[in-house]
Amino acid sequence: MPITRREFIQACSALSSGLLFSKLSWALSKPEYDFVFTRLSYESGNWEVDERMPANVLNSLIEYTSLRVDLTERVVPLADPAMLGAPFCYLAGHRLVQFSSEEKDNFKRYVENGGFVFVDDCNHDIDGMFATSFERQMAELFGDEALQKIPNDHPLYSCFFEFDGPPRTSIELNGWGDDLVHNYLKAIEVNGRIAVLYSNKDLGCEWDYDFRNKRFLRVDNTKFAVNIVIYAMTA
(Lines give C-alpha, C1' and ligand atoms only; values in the text may rest on other atoms or scores of the structure.)
Protein backbone atom coordinates (compact mmCIF):
# COMPACT_ATOMS: atom_id res chain seq x y z
CA MET A 1 0.00 0.00 0.00
CA PRO A 2 1.51 3.41 -0.95
CA ILE A 3 2.72 5.59 1.89
CA THR A 4 2.41 9.36 2.13
CA ARG A 5 5.45 11.62 1.76
CA ARG A 6 5.36 12.34 5.52
CA GLU A 7 5.30 8.62 6.35
CA PHE A 8 8.20 8.21 3.94
CA ILE A 9 10.25 10.84 5.79
CA GLN A 10 9.48 9.28 9.16
CA ALA A 11 10.44 5.84 7.91
CA CYS A 12 13.73 7.13 6.52
CA SER A 13 14.53 8.91 9.76
CA ALA A 14 13.85 5.74 11.74
CA LEU A 15 16.21 3.58 9.72
CA SER A 16 19.11 2.26 11.73
CA SER A 17 20.33 -0.84 9.95
CA GLY A 18 22.66 -0.47 6.98
CA LEU A 19 22.46 3.34 6.79
CA LEU A 20 24.14 5.97 8.91
CA PHE A 21 22.35 9.28 8.41
CA SER A 22 24.27 12.51 8.91
CA LYS A 23 23.00 15.24 11.24
CA LEU A 24 21.47 16.92 8.20
CA SER A 25 18.96 14.11 7.73
CA TRP A 26 17.53 14.83 11.15
CA ALA A 27 17.32 18.54 10.31
CA LEU A 28 15.41 17.69 7.14
CA SER A 29 12.77 15.80 9.10
CA LYS A 30 12.33 18.16 12.08
CA PRO A 31 8.67 18.10 13.10
CA GLU A 32 8.45 21.90 13.46
CA TYR A 33 8.62 22.23 9.67
CA ASP A 34 6.14 20.96 7.12
CA PHE A 35 8.41 21.85 4.21
CA VAL A 36 12.15 22.03 3.64
CA PHE A 37 13.57 23.05 0.27
CA THR A 38 16.34 20.57 -0.56
CA ARG A 39 18.58 21.13 -3.57
CA LEU A 40 20.52 18.12 -4.81
CA SER A 41 24.15 18.62 -5.80
CA TYR A 42 25.74 16.08 -8.11
CA GLU A 43 29.29 15.49 -9.28
CA SER A 44 28.82 16.21 -12.97
CA GLY A 45 27.38 19.36 -14.52
CA ASN A 46 26.53 22.62 -12.76
CA TRP A 47 23.83 22.13 -10.14
CA GLU A 48 24.31 25.56 -8.47
CA VAL A 49 21.94 27.53 -10.73
CA ASP A 50 19.02 29.97 -10.16
CA GLU A 51 20.35 30.93 -6.74
CA ARG A 52 17.48 33.27 -5.78
CA MET A 53 14.71 30.89 -6.80
CA PRO A 54 14.43 28.91 -3.54
CA ALA A 55 13.93 32.04 -1.42
CA ASN A 56 11.28 33.23 -3.85
CA VAL A 57 9.40 29.94 -3.73
CA LEU A 58 9.65 29.79 0.06
CA ASN A 59 8.23 33.31 0.26
CA SER A 60 5.26 32.26 -1.89
CA LEU A 61 4.57 29.24 0.31
CA ILE A 62 4.45 31.53 3.34
CA GLU A 63 2.26 34.03 1.49
CA TYR A 64 -0.29 31.60 0.08
CA THR A 65 -0.32 28.53 2.33
CA SER A 66 -0.33 27.57 5.99
CA LEU A 67 2.70 25.31 5.66
CA ARG A 68 5.36 25.76 8.33
CA VAL A 69 8.33 26.52 6.09
CA ASP A 70 12.01 26.31 6.88
CA LEU A 71 13.48 29.51 5.44
CA THR A 72 16.88 27.93 4.79
CA GLU A 73 17.61 26.18 1.51
CA ARG A 74 19.40 22.88 2.16
CA VAL A 75 22.02 21.68 -0.31
CA VAL A 76 22.56 17.93 -0.04
CA PRO A 77 24.80 15.78 -2.22
CA LEU A 78 22.81 13.20 -4.13
CA ALA A 79 25.45 10.68 -3.07
CA ASP A 80 24.71 11.38 0.63
CA PRO A 81 22.10 9.05 2.21
CA ALA A 82 20.79 12.13 4.05
CA MET A 83 18.83 13.03 0.92
CA LEU A 84 16.66 9.98 1.47
CA GLY A 85 14.99 11.82 4.36
CA ALA A 86 13.88 14.84 2.32
CA PRO A 87 10.20 15.11 1.27
CA PHE A 88 11.00 17.33 -1.72
CA CYS A 89 14.17 17.62 -3.78
CA TYR A 90 15.18 20.00 -6.57
CA LEU A 91 17.75 19.17 -9.24
CA ALA A 92 18.73 21.45 -12.12
CA GLY A 93 21.56 22.55 -14.38
CA HIS A 94 22.72 23.36 -17.90
CA ARG A 95 25.35 20.73 -18.51
CA LEU A 96 26.07 17.00 -18.37
CA VAL A 97 24.13 14.77 -15.98
CA GLN A 98 26.13 11.64 -15.35
CA PHE A 99 25.41 10.16 -11.95
CA SER A 100 28.03 8.23 -10.02
CA SER A 101 27.11 4.77 -8.75
CA GLU A 102 26.22 6.20 -5.31
CA GLU A 103 24.11 8.93 -6.90
CA LYS A 104 22.28 6.39 -9.05
CA ASP A 105 21.57 4.14 -6.08
CA ASN A 106 20.21 6.99 -3.94
CA PHE A 107 18.12 8.53 -6.74
CA LYS A 108 16.50 5.19 -7.56
CA ARG A 109 15.88 4.24 -3.96
CA TYR A 110 14.45 7.67 -3.13
CA VAL A 111 12.08 7.71 -6.10
CA GLU A 112 10.85 4.14 -5.69
CA ASN A 113 10.13 4.59 -1.98
CA GLY A 114 7.91 7.67 -2.04
CA GLY A 115 10.20 10.64 -2.67
CA PHE A 116 9.57 13.57 -5.01
CA VAL A 117 12.16 15.22 -7.26
CA PHE A 118 11.48 18.32 -9.35
CA VAL A 119 14.02 18.43 -12.19
CA ASP A 120 14.39 21.54 -14.33
CA ASP A 121 16.39 21.90 -17.55
CA CYS A 122 17.91 25.38 -17.37
CA ASN A 123 18.78 25.20 -21.08
CA HIS A 124 15.14 25.04 -22.17
CA ASP A 125 16.32 22.76 -24.96
CA ILE A 126 15.03 19.23 -25.58
CA ASP A 127 18.17 18.43 -27.57
CA GLY A 128 20.59 20.13 -25.20
CA MET A 129 23.24 18.52 -23.03
CA PHE A 130 21.23 18.55 -19.80
CA ALA A 131 18.05 17.19 -21.38
CA THR A 132 19.65 14.38 -23.37
CA SER A 133 21.95 13.25 -20.57
CA PHE A 134 19.30 13.45 -17.82
CA GLU A 135 16.74 11.55 -19.88
CA ARG A 136 19.38 8.93 -20.62
CA GLN A 137 19.99 8.54 -16.88
CA MET A 138 16.26 8.09 -16.21
CA ALA A 139 15.98 5.45 -18.94
CA GLU A 140 18.91 3.58 -17.42
CA LEU A 141 17.44 3.66 -13.93
CA PHE A 142 13.72 3.21 -14.63
CA GLY A 143 13.35 1.97 -18.20
CA ASP A 144 12.98 3.57 -21.61
CA GLU A 145 9.27 4.30 -21.20
CA ALA A 146 9.28 5.55 -17.61
CA LEU A 147 9.47 9.27 -18.39
CA GLN A 148 6.20 10.31 -20.02
CA LYS A 149 4.29 13.51 -20.80
CA ILE A 150 1.56 14.17 -18.26
CA PRO A 151 -1.87 15.41 -19.39
CA ASN A 152 -2.71 19.05 -18.82
CA ASP A 153 -5.67 18.07 -16.65
CA HIS A 154 -3.39 16.23 -14.22
CA PRO A 155 -4.14 16.95 -10.50
CA LEU A 156 -0.81 18.80 -10.36
CA TYR A 157 -2.49 21.69 -12.19
CA SER A 158 -5.44 22.01 -9.82
CA CYS A 159 -4.17 20.94 -6.38
CA PHE A 160 -3.98 24.57 -5.18
CA PHE A 161 -4.19 27.19 -7.93
CA GLU A 162 -5.99 26.36 -11.18
CA PHE A 163 -3.94 25.98 -14.37
CA ASP A 164 -4.83 24.52 -17.76
CA GLY A 165 -1.34 23.09 -18.13
CA PRO A 166 2.15 24.37 -17.39
CA PRO A 167 2.29 28.18 -17.62
CA ARG A 168 4.49 29.66 -20.32
CA THR A 169 7.79 31.18 -19.28
CA SER A 170 9.40 34.39 -20.47
CA ILE A 171 12.38 32.30 -21.56
CA GLU A 172 10.18 30.37 -23.99
CA LEU A 173 8.45 33.49 -25.27
CA ASN A 174 11.77 35.24 -25.83
CA GLY A 175 13.09 32.39 -27.95
CA TRP A 176 15.80 31.13 -25.62
CA GLY A 177 17.02 27.53 -26.00
CA ASP A 178 15.14 25.48 -28.59
CA ASP A 179 12.77 28.38 -29.41
CA LEU A 180 9.73 26.25 -28.53
CA VAL A 181 6.91 26.73 -26.06
CA HIS A 182 6.64 23.42 -24.20
CA ASN A 183 2.97 22.92 -23.45
CA TYR A 184 3.62 19.84 -21.33
CA LEU A 185 5.70 18.52 -18.47
CA LYS A 186 7.04 14.98 -18.16
CA ALA A 187 7.03 12.70 -15.16
CA ILE A 188 7.92 9.32 -13.79
CA GLU A 189 5.04 7.96 -11.75
CA VAL A 190 5.28 5.41 -8.96
CA ASN A 191 2.10 3.86 -7.55
CA GLY A 192 -0.01 6.43 -9.39
CA ARG A 193 1.86 9.47 -8.04
CA ILE A 194 4.46 11.67 -9.66
CA ALA A 195 7.87 10.82 -8.24
CA VAL A 196 10.01 12.71 -10.78
CA LEU A 197 8.58 15.88 -12.31
CA TYR A 198 10.66 16.99 -15.28
CA SER A 199 10.55 20.38 -17.04
CA ASN A 200 12.21 21.72 -20.17
CA LYS A 201 10.65 25.13 -19.50
CA ASP A 202 13.46 26.59 -17.34
CA LEU A 203 11.06 27.34 -14.52
CA GLY A 204 13.96 27.78 -12.11
CA CYS A 205 15.29 30.76 -14.04
CA GLU A 206 11.75 32.11 -14.45
CA TRP A 207 11.51 32.30 -10.65
CA ASP A 208 15.12 33.43 -10.12
CA TYR A 209 14.55 36.96 -8.87
CA ASP A 210 14.39 38.72 -5.52
CA PHE A 211 10.98 37.96 -4.05
CA ARG A 212 10.59 41.65 -3.12
CA ASN A 213 10.32 42.43 -6.83
CA LYS A 214 7.24 40.26 -7.19
CA ARG A 215 5.04 43.28 -6.54
CA PHE A 216 5.98 44.62 -9.96
CA LEU A 217 4.53 41.59 -11.78
CA ARG A 218 1.01 41.69 -13.16
CA VAL A 219 0.65 37.99 -12.36
CA ASP A 220 2.72 36.22 -9.74
CA ASN A 221 4.53 33.56 -11.78
CA THR A 222 5.58 31.59 -8.67
CA LYS A 223 2.03 30.35 -8.09
CA PHE A 224 2.80 27.26 -10.14
CA ALA A 225 5.71 26.53 -7.81
CA VAL A 226 3.18 26.45 -4.98
CA ASN A 227 1.20 23.80 -6.88
CA ILE A 228 4.32 21.69 -7.33
CA VAL A 229 5.12 21.79 -3.63
CA ILE A 230 1.54 21.14 -2.51
CA TYR A 231 1.28 18.18 -4.87
CA ALA A 232 4.61 16.84 -3.64
CA MET A 233 3.54 17.06 -0.02
CA THR A 234 0.00 15.72 -0.34
CA ALA A 235 -0.22 13.27 -3.26
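Okay, let's start at the largest pocket: α7, residues 203-206, and α8 each supply at least two residues of its lining. Before I go on, please keep in mind that this is a predicted model.

So what lines that pocket? On the list are Phe163, Pro167, Arg168, Thr169, Leu203, Glu206, Trp207, Val219, Asp220, Asn221, Lys223 and Phe224. Sort them by class and you get six nonpolar, two polar and four charged residues. The space inside comes to about 160 Å³.

Now hold on to Trp207, because we meet that residue again in the lining of the largest cavity. The count gives one cavity of 30 Å³ or more, and the volume of the largest cavity is about 60 Å³. Along with Trp207, the lining holds Phe37, Met53, Val57, Phe88, Tyr90, Phe118, Ala225, Ile228 and Val229. How do those residues divide by class? There are ten nonpolar ones, no polar ones and no charged ones.

Which helix gives the most to that lining? That would be α8, with three residues. Both α3 and α8, residues 223-234, supply at least two. And remember, α8 also supplies at least two residues to the lining of the largest pocket.

Let's step back to the whole chain for a moment. You can find eight helices and seven strands in it. Of the 235 residues, 53% are buried. Then take the contacts between residues at least 6 apart in sequence: 78% of them join residues at least 24 apart.

On to the sheet. If you trace the strands across, what order do you read? The order is β2-β1-β3-β4-β7-β6-β5, in an open sheet of seven strands with mixed pairing. At the edges stand β2, residues 74-77, and β5, residues 148-149; each has a single partner strand, so one side of each has no neighbour in the sheet.

A quick reminder for anyone new to this: strands of a sheet pair through backbone hydrogen bonds, in either the parallel or the antiparallel sense. We have examples of both here.

Begin with β1 and β3. These two run parallel, and two bridges join them. If you want a spot to look at, find Thr38: its bridge partner in β3 is Cys89.

Next comes β7, residues 193-199. Is this strand enclosed or open? Seven of its seven residues are buried, so the rest of the structure largely encloses it. On one pairing, β4 (residues 117-121) and β7 go together in the parallel sense over four bridges, with Val119 opposite Tyr198 in β7. On the other, β6 (residues 186-190) and β7 pair in the antiparallel sense over five bridges.

That antiparallel pair is also a hairpin, with two residues between the strands. Look in the turn for Asn191, which has a positive phi of about 55°.

While we're at β6, let me pick out one residue from that strand, Ile188. Across from Ile188, in β7, stands Val196. Is Ile188 buried or exposed? Its relative accessibility is 3%, and the cut-off for buried is under 20%, so Ile188 counts as buried.

Who does Ile188 touch? Leaving aside neighbours within four places in sequence, its contacts are Met138, Phe142, Ala146, Leu147, Arg193, Ile194, Ala195 and Val196. Take Met138 from that list: Ile188 and Met138 are 50 residues apart in sequence, and 8.8 Å apart in space, going from C-alpha to C-alpha.

Last stop: Asn46. Where does this one sit? You'll find Asn46 in the loop between β1, residues 38-41, and α3, residues 53-64. With a relative accessibility of 11%, Asn46 counts as buried too, again under the 20% cut-off.

What does the Asn46 side chain reach? One polar contact goes to the backbone nitrogen of His94, at 2.9 Å. Another goes to the backbone nitrogen of Arg95, at 3.3 Å. Not counting residues up to four places away in sequence, Asn46 touches Ala92, Gly93, His94 and Arg95.

If you open the structure afterwards, here are three places to visit. Start at β7, where seven of the seven residues are buried. Then go to Asn46 in its loop between β1 and α3. Finish with α8, which supplies at least two residues to the lining of the largest cavity and at least two to that of the largest pocket. Thanks, everyone!

Conventions
Residues are numbered from 1 along each chain as its sequence is written. This is a predicted model: local features need pLDDT of at least 70, side-chain atom pairs count only at pLDDT 80 or more; totals for chains, interfaces and linings use all residues. Side-chain values use heavy atoms; hydrogens and water are left out. Buried means under 20% relative accessible area, exposed over 50%, partly exposed in between (1.4 Å probe, protein chains only). Two strands pair if DSSP finds at least two bridges between them. A polar contact is a pair of N or O atoms within 3.5 Å; within protein, one must be able to donate a hydrogen and the other to accept it, and residues adjacent in sequence count only if both atoms are side-chain atoms. Contact means heavy atoms within 4.5 Å. On a 1 Å grid over the protein atoms alone, a cavity is a set of points where a 1.4 Å probe fits but cannot get out, and a pocket is an open set with protein on both sides within 12 Å along at least five of seven lines; lining residues have an atom within 4 Å of a point. Grid points are joined across faces, edges and corners, and a volume is the space filled by probe spheres set on the points. Ala, Val, Leu, Ile, Met, Phe, Trp, Tyr, Cys and Pro count as nonpolar, Asp, Glu, Lys and Arg as charged, and the others, Gly among them, as polar.
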